Each structure stands twice: as C-alpha cells, then as structure tokens.
Amino acid sequence: MNDMTPPVKSSPKDWETDQEVRWCPGCGDYAILKAVQRTMPEIGARPENTVFVSGIGCSSRFPYYMETYGFHTIHGRAPAVATGVKLANPELDVWVITGDGDALSIGGNHTMHLLRRNLNCQVLLFNNEIYGLTKGQYSPTSRVGTRSPSTPFGSVDRPAMPCAFALGSGARFVARAIDVNKNLPAVLKAAYEHQGAAFIEIFQNCIVYNDDVFANFTDKANVAANQLWVEHGKPLLFNNGTEGLAMDHERLVLTVVDVHDGDWQAAGVAVHDQTNKGLAHMLVEMPVGAFPMALGVIYDDPAPTFDSAVIAQNAQASAGKKPDLQKLLSQGQTWMVDKQPHEI
C-alpha cells in the first residue's frame, strides 16, 4: 500500500474508461481487468492518485482501460519507468502490468532489480506461457515440448518459474492466482496492503495460441485435486481435505499425505507460514500432477522499501542547506568571458 491519504468511496464504474476493450474474445485478460476494477473501490484507492505502468504485450494494454494515470511504455522497461514514477512522487499508488515474455525475457533484468530493491508497488505478471501479441511464439515460461512458430519441433528450453524467479530476486511478497478465480481480488488486496514490492503471478488463458494450457489444475474436474489455496496459519490441505502436504524432515522436502476423518494433525500436515521463505520456495516449485498448484499468498515478509530509503537519504543530505542554483552552477572549474563577440 502506498497512498496514505483518506480513502474515498467509488464504484467499479469509476475505474472504467471510455475506451473499447480490445482483447481476443474469451481472453483471460478481461477477467483480470474486471477483478482489478472491482478491487479498487474495496481498498479505498483514489483514481487521481493511482498509476498503472505497462510494457509491451497483450497485457500491456491495461492502462488504457483504467480511469487512472498510466504509461504504456517499451518492451521490458515497465519496472524502470515505475521506479522513476514512484521516486518522483512517493505518494502515488503504482501498479506494474506485465506478461511472462515482457517481464522475464527482455525485461528480466529490470524486473529483478525492482524486486531486489523492494520498490513499494504491485507487480501483476500475466502468465499465459506464450507470446500472444506476436502470434504465438514460445515464451520464457513455455513448457518443454511446446510447439509454436518459433519452435516447430517443440521447445527444448526449461521454462522459467515466475514465483521462483521473484523469490530468488529478493521479493518480499509473492503470490499466485488464476484469471477467472473468485479469489483473485483477495490476493490483490493482500498485495496492496503489503509495504514493498508485491509480486503476483496470474495464470491467464490465451484462448487463441495456448488454450487450456492450465487445464490440469483449472478445469472443474481437476480443481479439488490440483489446487491448493494457502492461508497463513492454516494446514496445507487440498482435495476436499482428504490430502495434505507434510514435511519430510530427513530429506527437507514436501510430500503428499492422506488425511483420514479430517485429522490432518495425525497425518503430519504442515501449517502454512507465509513468512517462511524456505517453505515458499518449496511451494512454488512443486510439479503439478505429483503435487497440487500452490495458490494465494505464498510469501509475505515486509522489509524497508527502496523509495523510503531514497527519501530518507535525500532528506539527510539536504538537512540544513538552502537551495542555491547559482552556487551549484558555479561549482568546479568556471571562467568568465569578458570580451564582446566582435572583439574575439
């Protein structure tokens, strides 16, 4: 959370622009947009104090559709622009909208530095595991074997894992959600309340170039067995409470255990601790199928923010000094030209 002024009452309509929303019919981006527009009034944000910054890609059209300030920047550089916005006006609520290609390929370096610096903002990474805007080439998160115009025989790359990348970069808040899931607004609220860089990976279905790539955990038939919505202080249960995650203390890995008659404690099911970075790493790296997909707020452990440190440093450096532009210009080697141009 960034804006420290009193919240105002608004409705989702107040956050909608007059622009025609232009994504492919059925695209998951529509659901994410609506979730954000519904969430803004609930967190008490103010349109005139909110900025959405995006890079390039399907997701990056987002600022056009939010009745706020916004920047549609260049490929991969949204984190750099967002950093400048936040440092120029720390009172602004800054949201970064990006995709798996934008943030983890050309923009990977910028994303890493925003997270390690802990800029006070929210980063929403729409992950559809494909380059949708440029007609379906494989992306950094595409799975091994993905066939696309750029990998006609199947990708041989090992995919990047956005949440593992974020944790490795030093992010202090890491979460996951699904575009059409009812829990997305709750995750957005938690990210807004976090002081520092809040990173959310949102699984977003690309209906044209990578349809149903997440079906193994999003299809109705697979939800119970393959989705685990974590909650701080609650047992790591899934499949209607009949299965859970336990810690193998000898190997220091998570394992799936059966839970009988609801007695999760007897089964040794672990309790989620969102401040435990080691546990967070285990949860985000679980392979779906053998394990469920971990969703919700996986890691939340605030630390001092980059922008507050910069502000404090600038205040200390300028304490007791008066601004004097002429003195500044006269520093170092200077000289006076005392002849008229026609005399030279």
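**Exercise 1. Identify the residues nearest the centre of the largest pocket, and state its volume.**

*Solution.* The largest pocket has a lining of 22 residues, and those nearest its centre are Glu 129, Arg 143, Met 161, Val 288 and Met 293. The structure is a predicted model, in which local features need pLDDT of at least 70 and side-chain atom pairs count only at pLDDT 80 or more, while totals for chains, interfaces and linings use all residues. Residues are numbered from 1 along each chain as its sequence is written, and side-chain values use heavy atoms, with hydrogens and water left out.

A pocket is an open set of points on a 1 Å grid over the protein atoms alone, where a 1.4 Å probe fits, with protein on both sides within 12 Å along at least five of seven lines; lining residues have an atom within 4 Å of a point. The volume of the largest pocket, about 440 Å³, is the space filled by probe spheres set on the points, which are joined across faces, edges and corners.

**Exercise 2. Determine the strand order of the eight-stranded open sheet and its edges.**

*Solution.* Step 1: strands are DSSP runs (E, at least two residues), as helices are (H or I, at least four), numbered from the N terminus. Two strands pair if DSSP finds at least two bridges between them.

Step 2: the order is β2-β1-β3-β4-β6-β5-β11-β7, and the pairing is mixed. β2 (69-72) and β7 (227-229) each have a single partner strand, so one side of each lacks a neighbour in the sheet.

Step 3: β1 (residues 50-54) and β3 (residues 93-99) are parallel and joined by five bridges; Val 53 has Val 96 in β3 as its bridge partner.

**Exercise 3. Name the residues with the most contacts inside the largest nonpolar core.**

*Solution.* A nonpolar core is a set of buried Ala, Val, Leu, Ile, Met, Phe, Trp, Tyr and Cys residues joined through side-chain atoms within 4.5 Å. Buried means under 20% relative accessible area, exposed over 50%, and partly exposed in between (1.4 Å probe, protein chains only). The largest core holds 44 residues, and Val 174, Phe 199, Leu 236, Leu 245 and Leu 283 have the most contacts inside it. A second, separate core has 31 residues, including Trp 95 and Phe 126.

**Exercise 4. Locate Asp 212 and Asn 240, and describe their phi values and exposure.**

*Solution.* Asp 212 lies in the loop between β6 and α7; its phi is positive, about 65°, and the residue is partly exposed at 47%. Asn 240 lies in the loop between β8 (237-238) and β9 (243-248); its phi is near 60°, and Asn 240 is exposed at 72%.
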